[in-house]
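Reader: I have just opened this structure and would like a friendly tour. Could you walk me through it step by step?

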Amino acid sequence: MKLHNYFRSSASFRVRIALELKGLTYEYLPVHPVKGEHRQEAYAAISPSGMVPTLETDEGELLGQSMAIIEYLDEQHPQPALLPGDAIGRAQVRALAQLISCDIHPLNNLRVLKYRCAN
Ligand SMILES: N[C@@H](CCC(=O)N[C@@H](CS)C(=O)NCC(=O)O)C(=O)O
């Protein structure tokens, strides 16, 4: 597996944490958004949204969206499980994850900060 990601990206962090918890080896491919590398042609071919992270599977499939990547890893490598065994526990974990990934993170993203600085 290959992970196109940025060391300071919280979405990349999420995926790296899941990979480490599961003990999976992967190739770390750096993409530097602050230097604009996520908008270059080479990365656009990998991620049409121009965001990090992107997971490249051993079969060559490209996956974006950190939460979807983590879910994929958990399905492919169920142990150790990332979610609790009970439905209420799973809902609580997902609620916490979505609070960060859906409500907090989009507001402090690079493109939002650039827009705010320009306007
Ligand atoms: N919802 C996406 C968010 C990905 C994302 O926003 N990544 C940021 C870095 S943390 C990015 O690529 N930003 C580039 C930009 O805002 O132009 C996910 O969870 O993967």
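Author: The questions and answers below look at pockets, rings and a few chosen residues in what is a predicted model.

Reader: Let's start with the largest pocket. Which residues lie nearest its centre?

Author: The largest pocket holds about 790 Å³ of space. Its lining is made up of 35 residues. Those nearest the centre are Met51, Val52, His105, Asn109 and Arg111.

Reader: Which element gives the most to the lining of the largest pocket?

Author: Several elements give two or more residues to this lining, namely helix H1 (10-21), strand E4 (62-64), helix H3 (66-76), helix H4 (87-104) and helix H5 (110-118). The one that gives the most supplies four residues, and it is H5.

Reader: How many residues of that lining are charged?

Author: The lining of the largest pocket can be divided by residue type. There are 16 nonpolar and 14 polar residues. The charged ones number five.

Reader: What about the second largest pocket: which element supplies the largest share of its lining?

Author: This pocket has a volume of about 600 Å³, and 18 residues line it. H1, H3 and H4 each supply at least two of them. The largest share is seven residues, and it comes from H4.

Reader: And how many residues in the lining of the second largest pocket are nonpolar?

Author: Nearest the centre of this pocket lie Met67, Ile70, Leu83, Val93 and Ala97. Across the lining, two residues are polar and five are charged. The nonpolar residues number 11.

Reader: Val93 was just named. Is Val93 buried or partly exposed?

Author: Val93 is found in helix H4. Buried means under 20% relative accessible area, and exposed means over 50%. With a value of 35%, Val93 falls between these limits, so Val93 is partly exposed.

Reader: Now to the aromatic rings. Why is the pair of Tyr6 and Phe7 edge-to-face?

Author: The structure holds one aromatic pair. The ring centres of Tyr6 and Phe7 are 5.1 Å apart, with the planes at 65°. Planes over 60 degrees apart count as edge-to-face. The angle of the pair passes that limit, so the pair is edge-to-face.

Reader: Which of these residues, Tyr6 or Phe7, is buried?

Author: Phe7 has a relative accessible area of 47%, so Phe7 is partly exposed. For the other ring, the relative accessible area is 7%. Buried means under 20%, so the buried residue is Tyr6.

Reader: Which residue lies over the face of Phe13?

Author: Here a charge sits over a ring. The distance to the ring centre of Phe13 is 4.6 Å. The residue lying over the face is Arg16.

Reader: Let's return to His105. With which side chain does His105 make a polar contact of 3.5 Å?

Author: His105 has its place in the loop between H4 and H5, and counts as buried at 16% relative accessibility. A polar contact of 3.4 Å joins its side chain to that of Ser10. The contact of 3.5 Å is with the side chain of Arg14.

Reader: One last stop: which side chain makes a polar contact with the side chain of Asp74?

Author: Asp74 is found in helix H3. At 16% relative accessibility, Asp74 counts as buried. The polar contact of its side chain is 2.7 Å, and the partner is Lys22.

Terms used
Residues numbered from 1 in each chain as written. Predicted model: local features only at pLDDT ≥ 70, side-chain atom pairs only at ≥ 80, totals over all residues. Heavy atoms only, no water. 1 Å grid on protein atoms, 1.4 Å probe; cavity = no way out; pocket = protein on both sides within 12 Å on 5 of 7 lines; lining within 4 Å. Points joined across faces, edges and corners; volume = space filled by probe spheres on them. Nonpolar A, V, L, I, M, F, W, Y, C, P; charged D, E, K, R; others polar. Phe/Tyr/Trp six-rings, centres within 6.5 Å; stacked < 30°, edge-to-face > 60°. Buried < 20%, exposed > 50% of the residue type's maximum accessible area, 1.4 Å probe, protein only. Lys NZ or Arg CZ within 6 Å of the ring centre and 35° of its normal. Polar contact = N/O pair within 3.5 Å; in protein donor to acceptor, adjacent residues only side chain to side chain.
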